[in-house]
Amino acid sequence: MVAAAAMLQSCTKVIDIKLKDADKKYVIEATLTDAPGNCNVLLSKTKNFSDDNSMNVVTSATVSITDNNTGVVSMLTESAPGVYNDATLAGISGHTYTLKVLIGSNTFTASSAMPQKVAFDTLYMTSDELFGDINKLANVEYIDPPSLGHCYQARQYVNGKVLKDIFVTNDEYSNGKRNIDKLFRFADEDDKVKTGDTVTVDFLCIDPALYKYWFSLQQNATGNAQSAAPANPVTNIQGGAIGYFTAHTIDTKSVVAD
Amino acid sequence: MRFILFLVTILFCIPAIAQENFTMSGVVKSKAKGETIIGATIRVGTTGTVSNEYGFYSITLPRGKHTLEVSSLGMQSKKVEVTLEKNTVLNIIVEDESQNLSEVTIKSTASGRSISGTQMGVEKLSTAEIKNIPVLMGERDLLKTVQLLPGIKSAGEGNSGFYVRGGASDQNLILLDEAPVYNASHLLGFFSTFNSDAIKDMTVYKGGMPAQYGGRLSSVLDIKMNDGNNQEYDVSGGIGLISAKLNIEGPIVKDKSSFLITGRRTYADVFLKLSPDSTINQNRLYFYDLNAKLNYTLSDKDRLYLSGYFGQDQLGVGRLFGLSWGNGTGTARWNHIFSSKLFSNTSLIFSNYNYKINIRSGANDFEIFSQIRDWNLKQEFQWYLNSRNSIRFGVNGIFHTLTPGEIKSSATSSVNSSSLQQRYSLENAVYATNTWKASERVSLTYGLRLTAFSILGKGDFFNINTNGDVTDTLSYNSGQIVKTYVNPEPRLAASYEFSEAASVKAAYVRNVQNMHLISNSTSSNPTDKWLASTNIIKPEISDQFSLGYYKNLAENRYELTVETYYKDMQNQIDYRNGANIFINNDAIETQLLFGKGRAYGLEVLMKKKVGKWTGWVSYTLSKTERKIEGISNNNWYNARQDRTHDIAIVSSYQLSKKWVISGNWIYYTGNAITFPAGKYTVNNQVVYYYTERNSYRMPNYHRLDLGATWTLKQTKKRTSELSFSLYNAYGRENAYTIEFRESKTDPNRTEAVQTALFKFIPSISYNFKF
């Protein structure tokens, strides 16, 4: 919509807005995958808008992940300030996991079910035009299983550097089909993928609650002006913290852009 | 039918009249074109009447000699001497003021607002009145001009969407020759669907809606198309920077029948095509629309009108994405005069809105189609009972068919073909209202509209818990009634005249709305979703109380209006946090939240309609809030369209016979908006943290527009003129959006970025008639 308006005429400028400061909230970013070495929990607090973007980390918390199917509890250790992990823990598809975080007298919990793994068939690059601009875009190909309710996320890296774009999709409209998801992005000239760059994609099968989290984050919390009602993403964390706990499968492929 | 008779009976407190009276009736028409005149005032001494929407009038007077004074805006006043010995039919022909070439200035003696009537909260605009008002891209537009009146707020820069007295933009009933128009905007809101060349007149009701209107909470915009010249052929048109239009009208049989065809098309895309760059010349962005009308006088007592509208927008980005949308309406009406006191109109109305999205991106190759379609039958009687009572009663039935979404895909597409359930409903209403002139000074209008909205099968309906999860599915067969909502809507209004030049009025009105628009975007989108009430989505209800003071000053050269209102709204709809309204699921209710609203305000309008200098100053002070379970901790919060102050100054000055200059200045408080209360990092990117809904404001908005019209040639047969306009003449950068992002220069910081749209937009257009 704004793009269409921009075709007419527009001008943008950075402005100064005084924003009121709010009470700080705990932020939990917790990940468990089906491969060992990916079990990370980042704890931080929200900051004022006028502050810098560094993470306001929360140290000395007690963090555990429980496999609800087996009852096994794994305690995570703080490897760096605000970063808690377990180097060997890997999840199993079909199992549900519960995260428990103790910060002082506050307890936060969240559950996530690790979905069945869907094979990441192919990764390839195409050149696409968007509003007169040519971009090299990654294409992710997979076959969605016949049953409904599969949700996917793609995380993209260029030459090992992770991109900030969020790509989530589900099988609501494409159940049981061969899917080719084009990872659309609007990049500045400097950020565009160039010939010879290595593009890597993590293909994740995520819990539907996480699809909702990422979808609502993208719609309402990225600061863009399209949303009529900006709001915090729909979290699966209980106890008043924001963020998420995801138990997902992971499959990674790389390709060199031609 | 028995119910209507009952209603009609209880509405009368008919005083027996001993004196011998006769009724005079007929049609008021313009001499030049034979167009019927809506709202012409016919005064006889201290009593009087007003011609109805078909130009028909009826007045009951004692036997003897009378002088009728007929006046109407833009028309020369006329005195008619009559001697009444029996019931008489007299058609009154009035002449256009502009036909009188020695006097170019508007010199109407008609006070535009009737001090004496009970109707309040109403504004009228004719195409002639908006002619000189400068507008964006020089495209004259009733919907944008109406936003310069108090209580009617623009939905955004250059937008034809609007909010009336705190209501949402879907709470306006927009009628074109009685047919509801579901999406009144072109080109994403920058133009309205109403081509001013085809429009005769527009009336906006902000409060005190008469009982014949219903179905929306906030306002009624009743737009009437021209009937077409039944005297001679006319060709007129205009060429502007982005659009061209042509209007052809004329008699089929002189004095009896006429036709009118008006077309308009924008050609911004023609310039895109000139681009050698294949990525630009494949983009599409245009709209066109077509108005047509045919009317035929069958006999002295019968007249038939057929009118239609069709418009379409096309937007496309290369071959990747395409969006087209449009409205189509059709109205067939039959006027029958049963007697000099009883006027009848029967209407059959069709209304359609649809959009289509095409996506072709690799394996994602599909088309989405959505539609809303109405069939509408109306029967209305206007009974000019006696000099004190005039009664209107009627019935109305609308059959709605909604196709929320159909997906068609090719065999190789990664998307499945699917379709959401069609929804059927029947909206019935009966109404009756009487306007009773109780005394010289006191008038009263009292009426009732009774609506019954029936949701029909076939389809699945749902029960939902507080978390928005479906707990139960209820299946209904074709034709089975799922639920009927019956709502009485009282309509009351009273006026007291202090003198011929001053009055006070009060009104109470209840409105009910069963068709709801769901949108989760800041601007109006063609793909916003219309929903009918369901077992869960209850009819929206509003109760409005208003009070007004009206005064004509300086021998009727100025008119002052002060109105105040309080409006209470029930069953307002919002969406849940993270809602997806494009959900491929029939239970759209899972994405919604419900609550209430309230709005109150004060509106002041000072208008000058006669003389070389004309114009108005309008001021609105208002507050609009919502309270919805699950939003802002269930507290009252500002609705997005809440603005404290709204000012518009509109004026034009006749410099000479050839030149008219004009200017508008607009100022308003910024809309309520949600800004972040903080930030945090997730997925390696900065995400914003929000606490309260709409607790901030956009920067205040102001703008000056200038215009000039140069009449190149004006004879009785031919006119041509050049219009110049400059939108946003002092180049104020008004915030259209404010976004938050990681700073481009210092990635460790965040910044707020304002986008402004239109700065110094000049335009020129050439209009002609021959």
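In chain A of this predicted model, 64% of the contacts with a separation of 6 or more are made by residues 24 or more positions apart. The secondary structure of chain A comprises two helices and 18 strands. Its radius of gyration of 20 Å agrees with the value near 18 Å for a compact globule of 258 residues. The points below cover chain A as a whole, the aromatic pairs, and selected residues of chain B.

**Overall dimensions and surface of chain A**

- Taken along the principal axes, the box filled by the C-alpha atoms of chain A is roughly 55 × 50 × 35 Å.
- Buried residues make up 49% of the 258 residues in chain A.
- The exposed area of chain A is about 11,300 Å², and 51% of that area is supplied by carbon and sulfur atoms.
- Chain A carries 21 positive and 29 negative charges, and the mean positions of these two sets are 5 Å apart.

**Aromatic pairs and an aromatic cluster**

- Over all chains, a search of the whole structure finds 39 aromatic pairs.
- Tyr142(A) and Tyr152(A) form a tilted pair, because their planes are at 45°, a value that falls between the limits of 30 degrees for stacked and 60 for edge-to-face. The ring centres of Tyr142(A) and Tyr152(A) are 4.5 Å apart.
- The pair links distant parts of the chain, 10 residues apart: Tyr142(A) belongs to strand E11 (residues 133–143) of chain A, and Tyr152(A) to strand E12 (residues 151–158) of chain A.
- Tyr142(A) has a relative accessibility of 1% and therefore counts as buried; Tyr152(A), with a relative accessible area of 2%, is buried. The cut-off behind these assignments is under 20%.
- One aromatic cluster contains residues of chain A and chain B: Phe49(A) is grouped with Phe675(B), Tyr688(B), Tyr696(B) and Phe740(B).

**A buried lysine in chain B**

- Lys607(B) is part of strand E38 (residues 592–608) of chain B.
- The relative accessible area of Lys607(B) is 4%, so this lysine is buried.
- When residues up to four places away in sequence are not counted, the contacts of Lys607(B) include Glu129(B) and Glu559(B) as well as Lys124(B) and Arg557(B). Tyr558(B), Gly615(B) and Trp616(B) are also touched by Lys607(B).

**Backbone features of chain B**

- A cis peptide bond runs from Gly457(B) to Lys458(B), with omega near 10°. Lys458(B) is in the loop between strand E29 (442–456) and strand E30 (459–464) of chain B.
- Asn571(B), a residue other than glycine, has a positive phi near 55°. Asn571(B) is located in strand E37 (residues 558–575) of chain B. Its relative accessibility is 25%, so Asn571(B) counts as partly exposed, a class that lies between the limits of 20% and 50%.
- Asn694(B), also a residue other than glycine, has a positive phi near 50°. Asn694(B) is placed in the loop between strand E45 (685–689) and strand E46 (696–697) of chain B. With a relative accessible area of 4%, Asn694(B) is buried.

Note on methods. Residues numbered from 1 in each chain as written. Chains lettered and ligands numbered in written order. Predicted model: local features only at pLDDT ≥ 70, side-chain atom pairs only at ≥ 80, totals over all residues. Heavy atoms only, no water. Helix = DSSP H or I, 4+ residues; strand = E, 2+ residues; numbered from the N terminus. Rg over C-alpha atoms; globule rule 2.2 N^0.38 Å. Buried < 20%, exposed > 50% of the residue type's maximum accessible area, 1.4 Å probe, protein only. Contact = heavy atoms within 4.5 Å. Areas by Shrake-Rupley, 256 points an atom, 1.4 Å probe, with all protein chains shown as cover. Lys, Arg positive; Asp, Glu negative; His and termini not counted. Charge placed at Lys NZ, Arg CZ, Asp CG, Glu CD. Phe/Tyr/Trp six-rings, centres within 6.5 Å; stacked < 30°, edge-to-face > 60°.
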